[in-house]
Amino acid sequence: MEDTAGTVKNKSMRKSQKKQIENMLDLLEQAHTAIKKAVETGNTEIALTLLEQAQDSAIQIGGMIEESLGEEFVTVRTLESYCEQVYQSYEMIRQQQAVNMGKVYKSLRRELIRMENSVKNDIPVRTCVVFLPYKASMWDSLESVWKAADADPDCDAYVIPIPYFDKNPDGSFRKMHYEGDLYPKDVPVVSWEEFDLAAEHPDVIYIHNPYDECNHVTSVHPAFYARELRKYTDKLVYIPYFILSEITPDNQSAIDGMKHFCFTPGTIYAHQVIVQSENMRQIYINEYIKAAKEMGLPGEHVDRKFLEKKFLGTGSPKIDKVLSTKKEDLEIPAEWLRIIEKPDGSWKKIIFYNTGVSALLKDEEKFLQKMESVFEIFKENRDEVALLWRPHPLIQATIESMRPKLWEDYRELKERYIAEGWGIYDDTADMDRAVALSDAYYGVGSSSVVQLCQERGMPVMRQEVDDFTTK
């Protein structure tokens with residue numbers, strides 16, 4: 001079935017392709033002026049060469065339209081009319097007939113205008129949106145945006161997990177990781193090696209990693225650094241993989257503890273940055289300007305009006321995900337159920353135990369002693385309470401890189417906990433399952449998980465390293 005423009009229903013063209021065609025039409029207009037001048041100055045060979053090139057360009061445009069919209073599309077017919085006019089003009093000049101170049105120019109221009117109008121008004125476009133997550137456990141920071149794009153019939157949404165590297169203490173790359181097989185079953189994953197960003201030139205690219213080479217522990221593949229991605233899209237959007245404790249723009253002491261998030265390669269090179277709230281938006285703008293001034297960056301980097309358009313405080317997709325995850329819909333591993341269920345089939349209270357990287361690096365032995373104390377208390381109360389221990393996903397890479405001896409002690413503690421089998425150890429990519437499953441939170445206070453648990457109305461208990469009781 002076709003509409004009045006001859007468009008095959010549900011067919012459309014990528015926006016970048018349409019833009020390419022529009023640029024080619026602009027070049028044809030310039031060629032017409034050059035042809036007219038060449039004939040008027042007696043340079044007929046140049047005029048003939050330019051007409052041949054115009055014909056080739058029109059044929060190329062036609063091929064692009066036919067591939068996307070079919071041979072019968074209305075714009076193809078205007079191209080055929082243009083090509084006929086080019087051919088007639090070519091023959092007149094080649095046969096050295098008396099040529100009224102003003103008339104020829106007007107005829108070419110008339111057909112070109114018909115083409116330009118048809119391209120502008122008749123060709124429907126599809127938006128290409130690419131999502132470039134790196135760790136599967138952080139996919140929730142992009143998932144709700146992807147779902148909206150995927151549901152749009154005029155949008156092609158691609159999820160392309162990208163590889164990342166652990167780093168050695170000297171900053172060199174160590175092991176490469178790729179987690180494309182860890183995403184939810186309903187997410188169609190595209191290989192990073194098969195999708196050509198330069199050729200496809202997506203309309204929008206979303207990222208959730210802002211650090212690029214500035215992270216001392218891990219790095220995404222350098223081909224996917226923000227400054228590189230900006231070359232291949234009209235709109236690079238950064239959404240943080242984390243959410244922070246809410247603070248107000250006048251609480252500078254609290255801001256000083258998080259301002260390093262505000263000025264990173266991700267915030268610098270992105271066309272747009274989406275953060276969790278309006279307060280956080282104002283903090284990002286304020287701290288970005290301060291950092292840009294310290295570095296002597298010019299123009300838009302210190303222009304508040306520009307930055308107010310760049311930074312949006314419309315909320316984090318992580319909250320969308322955790323609020324939409326229902327306990328009754330979860331797939332719970334059998335080995336977890338064995339720990340969760342009481343003999344009568346009822347469930348124990350489940351405590352989400354979160355251990356972070358910074359606290360472990362700061363306190364080292366004290367932190368490990370605290371963890372042993374926590375495990376001992378929950379082990380004693382395992383008939384009534386189930387402990388779900390979920391360490392930060394980068395904890396191994398961080399400690400191995402920065403504290404090799406500490407890693408050995410930590411690994412020994414972890415392996416003993418897993419071997420004893422009385423508690424759950426969760427290192428899967430699905431953090432939201434753990435939050436939805438749990439009844440309360442216990443652990444580090446400076447974690448995105450705290451905010452997510454609070455959004456679900458869960459009790460939050462912060463771990464104090466020097467306090468060897470759990471409350």
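Q: Which residues is asparagine 354 in contact with, leaving aside its neighbours within four places in sequence?
A: The model is predicted. In it, asparagine 354 is found in strand β11, residues 349-355. Leaving aside neighbours within four places in sequence, its contacts are Arg390, His392, Tyr441, Tyr442, Gly443, Val444, Ser447 and Val449.

Q: Is asparagine 354 buried or exposed?
A: The relative accessible area of asparagine 354 is 5%. The cut-off for buried is under 20%. Asparagine 354 therefore counts as buried.

Q: With which side chain does the side chain of asparagine 354 make a polar contact?
A: Tyr441 is among the contacts of asparagine 354. The polar contact runs from side chain to side chain, at 3.1 Å. The partner is tyrosine 441.

Q: What distance separates the C-alpha atoms of asparagine 354 and valine 449?
A: Along the chain, the two residues are 95 residues apart. Val449 is nevertheless one of the contacts of asparagine 354. Their C-alpha atoms are separated by 8.1 Å.

Q: Which residues of strand β6 point the other way from Val204 and Tyr206?
A: Strand β6 covers residues 204-207. Val204 and Tyr206 point one way, and all four named residues are buried. Pointing the other way are Ile205 and Ile207.

Q: Which residue in β8 stands opposite tyrosine 206?
A: Strand β6 pairs in the parallel sense with β2 over four bridges, and there valine 129 stands opposite valine 204. Three bridges join β6 to β8, residues 236-238, and these strands also run parallel. Opposite tyrosine 206 in β8 is valine 237.

Methods
Residues are numbered from 1 along each chain as its sequence is written. This is a predicted model: local features need pLDDT of at least 70, side-chain atom pairs count only at pLDDT 80 or more; totals for chains, interfaces and linings use all residues. Side-chain values use heavy atoms; hydrogens and water are left out. Helices (H or I, at least four residues) and strands (E, at least two) are DSSP runs, numbered from the N terminus. Buried means under 20% relative accessible area, exposed over 50%, partly exposed in between (1.4 Å probe, protein chains only). Contact means heavy atoms within 4.5 Å. A polar contact is a pair of N or O atoms within 3.5 Å; within protein, one must be able to donate a hydrogen and the other to accept it, and residues adjacent in sequence count only if both atoms are side-chain atoms. Two strands pair if DSSP finds at least two bridges between them.
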